Structure formats: C-alpha cells, structure tokens
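This report is for a reader who is new to the structure shown below. Please keep the sequence and the 3D view at hand while reading.

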Amino acid sequence: MSVTLVLGFESSCDEPGVALVRAPSDGRAPELLAHALHTQAAMHADYGGVVPELASRDHIRRLIPLTQQVLAQSGQSLQAIDLIAYTRGPGLAGALLAGAGLACALAAALHLPTLGVHHLEGHLLSPFLGDDRPEFPFVALLVSGGHTQLMRVDAVGRYTLLGETIDDAAGEAFDKSAKLLGLGYPGGPALARMAEFGESAAYRLPRPLLRSGDLDFSFAGLKTAVLTQARKLGPNICEQSRADLAASTQAAIVDVLVAKTLTALKRTGLRRLVVAGGVGANRLLRDQLDAACAEHGVRAYYPPLHLCTDNGAMIALAAAMRVQAGVAKPSRDYAFEVKPRWPLEELDAIETDASLKPRTDIQRG
Ligand code: KG4
Ligand code: ZN
C-alpha cells in the first residue's frame, strides 16, 4: 500500500499553521502526523482587530520555522513529501499570498505538485482529524469569523448550500459585541469567558430571522441592539452588567444557530451533524447542540477543540481527502493565484439543490 504525505500551509488570516498528514492509498482515514501553529492575537490586540499588512509580514516570518518544527516533530524530511497544499482562499489577499508563495516555491524546488485548498472545505472536513469521524452524508454548520453557513455534505467536494448569513457572520457578532463591551480581541473567546459570570436572561436581545422559515441568518441587528444596550449602561458599566450583557448576547447568537441547524436537519432528514469553524469551540453552542441532537436522534461531530480555529492540519487533511476521493487537481506549473473571495459553491464538483435552497435573491460571494 502506498501513502501520500501532504504538507499543508494555512495563512488566510491571523494564524499561520503548518501540518503534515499521511493519506493511505487504500482509502483509510488520513492521519495527522504533526502540526504547528502561531497565533498573532497578541500582535493585533493593540489595534482591536486584524491588521492585514502586519498579518502578511508575520506569515512570511513564521511559516518556515513552523515547517521545520513539523518536520522535526514527525521525524520526516522534505524529500519524503508527495504534495504541498496551501489555502488558496477565501481570506486576506496578502496573507494568502504569503502561504501560496512559499508553498509553490518549495514545491518548485522539490519538483512536487501543489494543491490550493478552499479554507472552508478545510473547516468542513476538520472533524475527520478526530477519533470520532462522521460518515457521509451530513449537515454541516460552518461558523467562523467570516462565514455562517449550513451545508449539506454528500461526499468530499459535494457540498450543497442550504442557508447562510445575509450580513455579519456569527464570529463577527461575537467579535463586534465583545469590542462594544470593551473585551478586546479576539472577541469570541473573551465574550464567552465573561458570559460565564452573567445571567443570559438579563437583557432581551433580538433573535434575528429565528422564525423566517428559511435557513438564512442575520446578525447585524443583534450587534446594533448590543450597542444600544451598552450605550444605555454608559462608560462606567459595572462588571456584573457587562457579564450579563455578554451572557445575553451569547445566548441570542447560540439560540439562532441551534434553531436553524435543527430546521436544516429536519428538512434534509439527515441524522448526522458536523459543527466546524472557530465559533464551534463555543461551549454553550456545543452544549445546546448536543442537547438538541440527543432529543432528535442526531449525532453531532466536532473537530478536536484545538483544531476548531484556523490551522494547517485541516488544509493538509482537505488536500489528502481530495486526493483519496479522486477530486483533486494538483498542479505542477507553480504559477499561483489566490482567491480572497471564493464562495464554497464555486469549488469543483459542487452541486446546488434548488429544492433545498429556493431563494435566489441573495448575492453570494
Ligand atoms: O474559523 P476561525 O478561526 O477563523 C475564520 O476562518 O474566520 O474563526 C474565528 C472566529 C472569531 O470570530 C472568534 O471570535 C470565534 O471564531 N471564536 C469563538 C470562540 N473561539 C473562537 N466564538 C465564540 N466562542 C468561542 N469559544
Ligand atoms: Zn477559518
């Protein structure tokens, strides 16, 4: 049996990551051999958000040492690698170019093929990095800093969009609300920590589109409601009110995510759910989804907690799974192009199921 060793680079935003995955040719699950990550959170914290130019420069600095770390950890050499994968998009253009440039230069030097990976496909498939791997088909709730989508996943590369946010993403709602509450960056984990000390029924916040009947989301109005409430409380807001508002905000976001996910499971009739993306690390979301799934006879699958947010492992894994499924198109021409905006529906081998997604009035991309 031959194996494919895939080196993967992630550089779409603020967490340069590198990983090495082994994919057996007999179709057995790919295995993560090593991964290394650097978070730029401290560097961006002073600015209250990601500064793209700083992010790109840091990716350039970090990716080679991270690669050396991964090779040392796995005991593998550059010569053993069969394929170099990198995040092609979506993400910050400069940051993507740093990873793509390094991947293609290294591949050219080693005479290896490259594969540009869709960042969201990496998140979608990331539960396969854990011990509890789902079978196809499943519903996926993809909740990251830039995306909130419900997908039907029939196989590697066969993704049907069921619904998505029409404005802010769930992660953005966490991040922006955290900023309004003076909780710093990155906001999601900070808001979740603060919420532990608060009362979620303290403030009545909207649950946008909860009863819209479709599978789309909207979080912009919630952010405005948090802003209005924060203004009412004023600059000298006490710690308890801040914790209460954090808990109320988190509850509003989670309520909507859970309700829409249940609707997607009902409509598709599927009994497996995958939760992926940074917001998938949220404890309340996991607890509520687990409870709802148990009630409806659905099994929920999550990536290992430390692989919920961006990492190189999911990029190497997605490439490995594409190769195994025969839906990868590795390239040897080393000319690369990144796609800062890249709707998942535009990936190769994508199907759109009109009966599941009747609305056509949303601009995608
Ligand atoms: O998937 P990800 O690492 O990056 C993107 O592809 O965007 O997701 C980052 C997002 C951020 O908005 C961050 O605040 C949020 O995930 N996040 C969380 C938690 N951990 C990360 N949101 C809520 N609770 C958490 N524990
Ligand atoms: Zn991500």
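The sections below take up the domains, the zinc site, the nonpolar cores, some single residues and the backbone. The model is a predicted one.

**Domains**

How is the chain divided into domains? The domain assignment gives domain 1, made of residues 5-126 + 308-364, and domain 2, made of residues 136-302. Taken over C-alpha atoms, the centres of domain 1 and domain 2 are 25 Å apart. At the contact between them, 34 residues of domain 1 meet 34 residues of domain 2.

**The zinc site**

Which residues coordinate the zinc ion (ligand 2)? They are His119 and His123, each through NE2, and Asp310 through OD, at 2.0 to 2.1 Å. Along the chain, the donors of this zinc ion follow the spacing H-x3-H-x186-D. His119 lies in helix α4 (residues 119-125), while Asp310 lies in the loop between β10 (299-301) and α10 (312-325), so this pair ties together parts of the chain that are 191 residues apart in sequence.

The arrangement around the zinc ion (ligand 2) is irregular because its four donor atoms subtend angles of 95 to 139 degrees. For a tetrahedral site, all angles would have to lie between 85 and 135 degrees.

Are the residues His119 and Asp310 buried or exposed? His119 has a relative accessibility of 6% and therefore counts as buried. Asp310 also counts as buried, at 12% relative accessibility.

**Nonpolar cores**

The largest nonpolar core has 48 residues, of which Leu141, Phe219, Leu257, Leu273 and Leu285 touch the most other members. The elements that give two or more residues to this core are the strands β6 (138-143) and β9 (272-276), together with the helices α5 (170-180), α6, α7, α8 (239-268) and α9 (283-295). Which element gives the largest share of this core? It is α8, with 13 residues.

Phe219 can be followed further. Apart from its neighbours within four places in sequence, Phe219 is in contact with Thr148, Thr165, Asp167, Asp168, Ala169, Ala170, Ala173, Ile253, Val256 and Leu257. A second core, separate from the largest one, has 38 residues, including Val6, Met151, Leu161 and Leu317.

**Asp216, Asp287 and Gly130**

Asp216 is found in the loop between α6 (187-195) and α7 (220-233). With a relative accessibility of 0%, Asp216 counts as buried. What lies 2.8 Å from a polar atom of the side chain of Asp216? It is the backbone nitrogen of Glu164.

Asp287 has its place in helix α9. Its relative accessibility is 40%, so Asp287 counts as partly exposed. Between Asp287 and Asp255 there are 12 Å in space, C-alpha to C-alpha, and the two are 32 residues apart in sequence.

Gly130 is placed in the loop between α4 and β6. This glycine is buried, with a relative accessible area of 10%. From Gly130 to Phe219 the C-alpha distance is 30 Å, and the separation in sequence is 89 residues.

**Backbone features**

Most residues other than glycine have a negative phi, and most peptide bonds are trans. The table sets out four places in this chain that depart from that pattern, by a cis peptide bond or by a positive phi.

| Place | Feature | Angle |
|---|---|---|
| Gly89 to Pro90 | cis peptide bond | omega near -15 degrees |
| Tyr185 to Pro186 | cis peptide bond | omega near -5 degrees |
| His111 | positive phi | phi near 60 degrees |
| Leu209 | positive phi | phi about 60 degrees |

Where do the two prolines of the table lie? Pro90 is in the loop between β4 (83-89) and α3 (93-110), and Pro186 is in the loop between α5 and α6.

His111 is in the loop between α3 and β5 (114-118). At 62% relative accessibility, His111 counts as exposed, since the cut-off for exposed is over 50%. Leu209 lies in the loop between α6 and α7. With a relative accessible area of 29%, Leu209 is partly exposed.

Note on methods. Residues numbered from 1 in each chain as written. Chains lettered and ligands numbered in written order. Predicted model: local features only at pLDDT ≥ 70, side-chain atom pairs only at ≥ 80, totals over all residues. Heavy atoms only, no water. Donors = N, O, S within 2.8 Å, 3.2 Å for Na, K, Ca; no water. Tetrahedral: all angles 85-135°; square planar, octahedral: opposite > 155°, others 65-115°. Helix = DSSP H or I, 4+ residues; strand = E, 2+ residues; numbered from the N terminus. Buried < 20%, exposed > 50% of the residue type's maximum accessible area, 1.4 Å probe, protein only. Polar contact = N/O pair within 3.5 Å; in protein donor to acceptor, adjacent residues only side chain to side chain. Core = buried A, V, L, I, M, F, W, Y, C linked by side-chain atoms within 4.5 Å. Contact = heavy atoms within 4.5 Å. Domains from an automatic or database assignment.
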